[in-house]
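Student: I am new to this structure and should like one part of it examined closely. Please begin with how far the model can be trusted, and then place that part among its surroundings.

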Amino acid sequence: MTASSRGPNPEPPAAADRAPESAESAPPGPEDPPGSEEGPEAEAAPETGSVEETGPGASEASAAVESAVSAVSPESAEGGAPGDEADGADEPGEDGSDSAPEGVSDPAEDASPAEEADGGGTGSGATDPAEAADTADAADTADTADTADVADTAESAGAADAGELSEAAAEIAAQRELQARIERRKAEKDGPVESGAKLSGKAADLLAAVRAVESGQKPGKVFFDAPAPAPERPAPSAAAPSPEAVPRPRERRAEQSGGAPETVAAVRGVLAEGGAPESLAAGAAQALGAQAADALREDPWRLLSVPGVRPEQADGFARALLGDACGPGDERRAAALIVWRLEGAALRGHTALESSAVRAALAERSVPDPDGALERAIAEGAVLVFQDGAEDLAEGDPEHPESSGDPGRPDGGPEGVDGSGDGSAEAAVAESPAGPVLLGLDRYAMAEESLADGLARLARSGPDARWEAAEPTELVRAVAVSGLAVHTGGEAARAEPVALASAAEALGLRAVVAVHSERARPAVGPAAVTAAGLLSGAEGPGRDGDGALALDLLVVLDAPLLDVESAAMLVESLPDGARLVLSGDPGQLGAAGAGRVFGDLLAARVCPQIVSRIPDPGPLGELVSGIGAGELLQVAAPGKEIVIVPVRDAGEAVHRTVQLVADSVPRAIGVPAEQTQVITVGHGGAAGTRALNAALKQRLNPGPGRFGGFDPGDRVAYAQAPGRTRPGTVVSADAEGLRIDCEGAPVTVPKERVASALRHGWALTAHQAAGMRWPAAVVVLPGDAVPGLSRPWVYTAFGRGERHLSVVHGVDQALPRAVAEIPAPERTTRLRPLLEGLLAAPV
């Protein structure tokens, strides 16, 4: 790139919204406090000239990028530069839907990804939840940006026309049935628990377990040994989901109603007494049920069950209601903090946490006796306790003979239990070769166990002679011998499992291909369905008389985006003898929700694994494949497939992005603005989705935003369900709400939910864009995006363009460093050891 002079640098414009937020989240809550995703506030936007202009201030960024990717500017290729048509769009406007109320902010799940990791955060507001779906942005980085932000998504999901069962409502009903089955299993295992010190049944076992395991007196097998589950799947209780079934907690938040009016009114009164915003009443009624007012008065810390409420806010509410009777050592406070901590971890993908991490979190919140608080929570069934590997230790490990205990000590426990060491629970856990003691919520524990049982049932189903007549490809041979198979590869490799489904249909078998997003369906074929639509019954073959899906083969593309609960519902719905193929790219960002289903299944190696050898074509395929291998390669782009635009600050990044979308890409590449997607790290900041969407709206579809900040023709992102973003376009508005078109499907969003369910969609986060592709993509990397960069993030963002990729680059050497050195953050899950225990012999 040749350098040229820049225009003058006027006074900086006011930033519309500088608050960083979780990059994966769905529509924002009313207030977005600073988080860890987007780093420092960006510099103000200077007024700049054409897209190919560079200057001395950009020399380092230009050199860094040109060493990795050969930059070809569309304008320079044409011999001309666009004028300053985008002038005036470089000052981000204010999104009318982002105004914040006074007091405690309205629901949003977690403040920031790093907040859970190191106790940070402002504590006075809530951030956008779910990019969950990074969740949230659900979501996928615990220490940086793009974690799973799912709370607002959950609140806003499921909008539908009155009197008609919507797709979201049907999906909720399907999820209810699974939760009902899980609750029945739990009830069968649980014994009666008396209040106070007397415990019996499972609660007594759990209390004894955590004391003995953490002290090292006994191996976990004594308490957690259980017979192996039967391989056969019990028939579902009903052929169709029961609308009357009790929804699981997160789905309660997704329902349109916030509870009965009298319940909301009663909760509003209690909130007023405690000085909390009345706007939390609907969320509290949804989370706590018909007796929400009494529950809050009896235990004010249950306010933490409302998305977005922080512990310090719940403490203030409790002090106002309880007065001197309120203290940091209150048992109710400790129990609520434990559940809140585990729910927050689930937003970042964890299905369990080490007991030491929960203990440290309690100590950080000034709980005087964290160990006692944990014991009480386990005894009361608020959390479950696990220790992976305890069964092996109880039987003795020839490689670690000391794990069988010291015969010189009566109990055979580790040093310290009999007084010869420090005897602390911390030391016992640290010394235990069985691994750390894990704590989890029953919701995720039951989902993981159900999923492991279902996957084991499929893997044990044995050969199927019907596949002998098909052409013996690798995938055909895999499904012929096993009911479960895993397929990995890039975008081009998706053709292989699709061809498997076609081969099944040629054999007379019932085959279904499920994708993550409606946008991915046309590339797969008209018969493709979405995983959410398949579960809800709105798409696919329907159910048989036993309530199982009427199919012989299910191929799930984008399988890394499955969270543990969705995966459990899919597997539970498969009939005995069916074949399941999970296909996806392990290099991409993971699920917005809790779990690491695809990665755990790969790591367990309990079924056939087919690695595709089909490379992604062209310069874009070469670039993305190199990123997956940890290298930012120098790629020739003779057809202007890749363009790098260096920028000095976030303001210039917004200005150049508008120029690219509105002028340069349509003119030089031939891709219109409506088929170009902007992708950035987070929602907040001077170059986040809100600032970019405001500038793009001003240029592409200016208007007063008279329908809750939206006008007909606006591109929007509709958060229909946690971790699931549907791109659409505003069509009209009427008394029922805002009518939008989502890939040809009409959707009506009730007017009371527009602010929480929708945001403008010219710019998305990488987690929101996962599972979808556009003809052209513009990835925006301002300087404050550095904390949110990782190899999976770059891999996912750069792979969203089919024909063209523009990179608005202001992070200098942080980009190649993220690709080479920053992998996906680990998630604490139990699925892998569960699978290894059920299917001990690797396939």
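Student: What pLDDT does the protein average, and what % of the residues score at least 70? After that, please take a close look at the open sheet of five strands.

Tutor: This is a predicted model, in which local features need a pLDDT of at least 70 and side-chain atom pairs count only at pLDDT 80 or more, while totals for chains, interfaces and linings use all residues. Residues are numbered from 1 along each chain as its sequence is written, and side-chain values use heavy atoms, with hydrogens and water left out.

The average pLDDT (the predictor's confidence in each residue, from 0 to 100) is 74, and 63% of the residues score at least 70. Residues 189–203 have a pLDDT below 50, and beyond near neighbours in sequence this stretch has 16 contacts in the model, a contact being heavy atoms within 4.5 Å. Residues 219–258 also stay under 50 in pLDDT, with 106 contacts beyond four places in sequence.

The sheet you ask about is open and consists of five strands in the order β10-β19-β18-β11-β17, paired in parallel. Its edges are β10 (642–646) and β17 (763–765); each has a single partner strand, so one side of each is left without a neighbour in the sheet. On average, neighbouring strands of this sheet are turned by 25° against each other, direction ignored. Strands (E, at least two residues) and helices (H or I, at least four) are DSSP runs numbered from the N terminus, and two strands pair if DSSP finds at least two bridges between them.

Within this sheet, β11 (residues 676–680) and β18 (residues 774–781) are joined in the parallel sense by four bridges. One position to find on the model is T676, which stands opposite A776 in β18. Helix α26 (residues 650–669) packs on the sheet, where it touches β10, β11, β18 and β19 (801–809), and its direction makes about 150° with that of β19. Such angles run from 0 to 180 degrees between N-to-C directions, and axes are lines fitted to C-alpha atoms, for helices over the stretch in contact.

A further open sheet has six strands, ordered β6-β5-β7-β8-β4-β9, and its pairing is parallel. The edge strands there are β6 (529–530) and β9 (609–611), each of which pairs on one side only. Inside it, β5 (residues 511–515) and β7 (residues 553–556) share four bridges in the parallel sense, and V512 stands opposite L554 in β7.

Antiparallel pairing is found in another set of strands. β12 (residues 715–721) and β13 (residues 724–734) pair in this sense over six bridges, with G728 in β13 as the bridge partner of V716. β13 also pairs with β14 (residues 737–742), again antiparallel, over five bridges. In that pairing S732 has R739 in β14 as its bridge partner, and β13 and β14 form a hairpin with two residues between them.

The helix packing completes the surroundings. α25 (residues 618–628) and α30 (residues 791–798) have axes 9 Å apart and pack at an angle of about 165°; the two are therefore roughly antiparallel to each other. Under 35 degrees counts as roughly parallel, over 145 as roughly antiparallel, 65 to 115 as roughly perpendicular and the rest as oblique. The crossing of α25 past α30 is left-handed, that is, the near helix is turned anticlockwise from the far one by less than a right angle, whereas clockwise is right-handed. On the α25 side L620, L623, V624, I627 and G628 take part, meeting R791, V794, Y795 and F798 in α30. These contact residues divide into seven nonpolar, one polar and one charged. Here Ala, Val, Leu, Ile, Met, Phe, Trp, Tyr, Cys and Pro count as nonpolar, Asp, Glu, Lys and Arg as charged, and the others, Gly among them, as polar.

α19 (residues 474–481) and α20 (residues 495–506) pack at about 60°, their axes 9 Å apart; they are therefore oblique to each other. Their crossing is right-handed. Here L475, V476 and V479 in α19 meet E496, P497 and L500 in α20, a contact with five nonpolar, no polar and one charged residues.
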